[in-house]
Amino acid sequence: YLVHVMRKHEDFIPELDYVIEKDRKIIGNIMYTKAKLESENKREKPILTFGPVCILPEYQRKGFGKKLIEHSLIKAKELKYEAVVIFGNPSNYSNLGFKSGSRFDIALEKEIYPSAMLAKELSEESLKGEKWIYKDSDVYKIDEKKVEEFDLEFEKLEKKRQGSQEIFY
């Protein structure tokens with residue numbers, strides 16, 4: 001559903017919408033949207049976020065996701081974006097240069113520093129010297145009722161919760 005909505009949204013960045021192939025088969029993709037950081041004095045810095053990023057299960061833990069992310073980060077830098085903030089498991093992204101948002105003084109509203117909020121500077125010291133509040137695109141504000149309606153178009157699957165999802169709370 002998110003991909004369906006995202007590609008029509010004004011914050012979607014088609015130049016950073018990539019797939020990865022193996023043996024002429026698409027095995028994964030990554031998509032970016034605009035986001036922003038707001039300083040204490042209300043200065044706004046345009047940045048990026050990515051998600052979803054996905055790799056078919058049988059190709060996970062084989063380096064394909066890393067290649068996809070690295071390629072897209074190079075392209076994001078070429079497009080003159082200075083930073084990326086994501087939500088993810090730190091152990092999955094630290095080897096790509098992502099660090100805790102708190103190391104860059106990036107928080108959510110009310111000075112909340114989630115352990116899953118990670119940042120990467122694409123331009124050296126672009127996040128230095130200010131306290132930031134992260135604001136993502138409203139494309140991520142999902143209407144659960146619309147998701148349920150959309151899901152009716154597909155074969156019914158069991159919804160599961162993964163233990164790794166706890167890091168996002």
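**Exercise 1. The cores**

Task: In this predicted model, find which residues have the most contacts inside the largest nonpolar core, and which elements supply it.

Solution.
Step 1. The largest nonpolar core has 24 residues, and those with the most contacts inside it are Leu-48, Phe-50, Val-84, Tyr-93 and Phe-98.
Step 2. At least two residues of this core come from each of S1, S2, S3, H2 and S4.
Step 3. With five residues, H2 gives the most to this core.
Step 4. Take Val-84 and leave out residues up to four places away in sequence: Val-84 touches Leu-48, Thr-49, Phe-50, Leu-73, Phe-98, Leu-118, Ala-119, Lys-120 and Leu-122.
Step 5. There is also a second, separate core of twelve residues, which includes Leu-37, Ala-83, Phe-104 and Ile-106.

**Exercise 2. The two sides of helix H2**

Task: Compare the span of H2 with the expected one, then work out where around the axis its buried residues lie.

Solution.
Step 1. H2 has 15 residues, and the distance from its first C-alpha to its last is 21 Å, close to the 21 Å expected at 1.5 Å a residue.
Step 2. The buried residues of H2 are Phe-64, Gly-65, Leu-68, Ile-69, Ser-72, Leu-73 and Ala-76.
Step 3. These residues cover an arc of only 165 degrees around the axis, so they are on the same side of H2.
Step 4. A general rule helps in reading such a list: an α-helix has 3.6 residues a turn, so residues three or four places apart point the same way.
Step 5. Lys-67, Ile-74 and Glu-78, on the other side of H2, are exposed.
Step 6. The packing partners of the buried residues of H2 are S1, S2, S3, S4, helix H3 (90-93) and strand S7 (117-121).

**Exercise 3. Aromatic pairs**

Task: Classify the pair of Tyr-32 and Phe-50 and the pair of Phe-50 and Tyr-93 by their geometry.

Solution.
Step 1. The structure holds eight aromatic pairs.
Step 2. The ring centres of Tyr-32 and Phe-50 are 5.4 Å apart and the planes are at 65 degrees, so this pair is edge-to-face. The cut-off used here is an angle over 60 degrees.
Step 3. Tyr-32 is in strand S2 and Phe-50 in strand S3, so the pair ties together parts that are 18 residues apart in sequence. Both Tyr-32 and Phe-50 are buried.
Step 4. Phe-50 also pairs with Tyr-93, at 6.0 Å centre to centre and with 50 degrees between the planes, and this pair is tilted.
Step 5. Phe-50 is in strand S3 and Tyr-93 in helix H3, so this pair ties together parts that are 43 residues apart in sequence. Tyr-93 is buried, as is Phe-50.
Step 6. Ring pairs link Tyr-32, Phe-50, Tyr-93 and Phe-98 into a cluster.

**Exercise 4. Salt bridges**

Task: For the salt bridges of Arg-7 with Asp-17, Glu-58 with Lys-25 and Lys-135 with Glu-109, give the N to O distance and the parts that each bridge joins.

Solution.
Step 1. The structure holds eleven salt bridges.
Step 2. In one of them, the side chains of Arg-7 and Asp-17 meet at 2.9 Å, N to O. Both residues lie in the loop between helix H1 (2-6) and S1, so the pair ties together parts that are ten residues apart in sequence. Arg-7 is partly exposed at 43% relative accessibility, and Asp-17 is partly exposed at 22%.
Step 3. Glu-58 and Lys-25 form a salt bridge whose closest N and O atoms are 3.7 Å apart. Glu-58 is in the loop between S3 and H2 and Lys-25 in strand S2, so the pair ties together parts that are 33 residues apart in sequence. Relative accessibility is 43% for Glu-58, which counts as partly exposed, and 38% for Lys-25, also partly exposed.
Step 4. Between Lys-135 and Glu-109 the closest N and O atoms are 2.5 Å apart. Lys-135 lies in strand S8 (residues 132-135) and Glu-109 in the loop between strand S6 (106-107) and S7, so the pair ties together parts that are 26 residues apart in sequence.

**Exercise 5. Backbone angles**

Task: Locate Arg-24, Lys-80 and the cis peptide bond between Gly-51 and Pro-52.

Solution.
Step 1. Arg-24 is not a glycine, yet its phi is positive, about 65 degrees. Arg-24 lies in the loop between strand S1 (18-22) and strand S2 (25-39), and at 82% relative accessibility it counts as exposed.
Step 2. Lys-80 has a positive phi near 75 degrees and lies in the loop between helix H2 (64-78) and strand S4 (83-87). Its relative accessible area is 71%, so Lys-80 is exposed.
Step 3. The bond between Gly-51 and Pro-52 is cis, with omega about 5 degrees; Pro-52 is part of strand S3 (residues 44-55).

Terms used: Residues numbered from 1 in each chain as written. Predicted model: local features only at pLDDT ≥ 70, side-chain atom pairs only at ≥ 80, totals over all residues. Heavy atoms only, no water. Helix = DSSP H or I, 4+ residues; strand = E, 2+ residues; numbered from the N terminus. Buried < 20%, exposed > 50% of the residue type's maximum accessible area, 1.4 Å probe, protein only. Core = buried A, V, L, I, M, F, W, Y, C linked by side-chain atoms within 4.5 Å. Contact = heavy atoms within 4.5 Å. Expected span 1.5 Å × (residues − 1). Arc of directions from axis to C-beta. Phe/Tyr/Trp six-rings, centres within 6.5 Å; stacked < 30°, edge-to-face > 60°. Salt bridge = Lys/Arg side-chain N within 4 Å of Asp/Glu carboxyl O.
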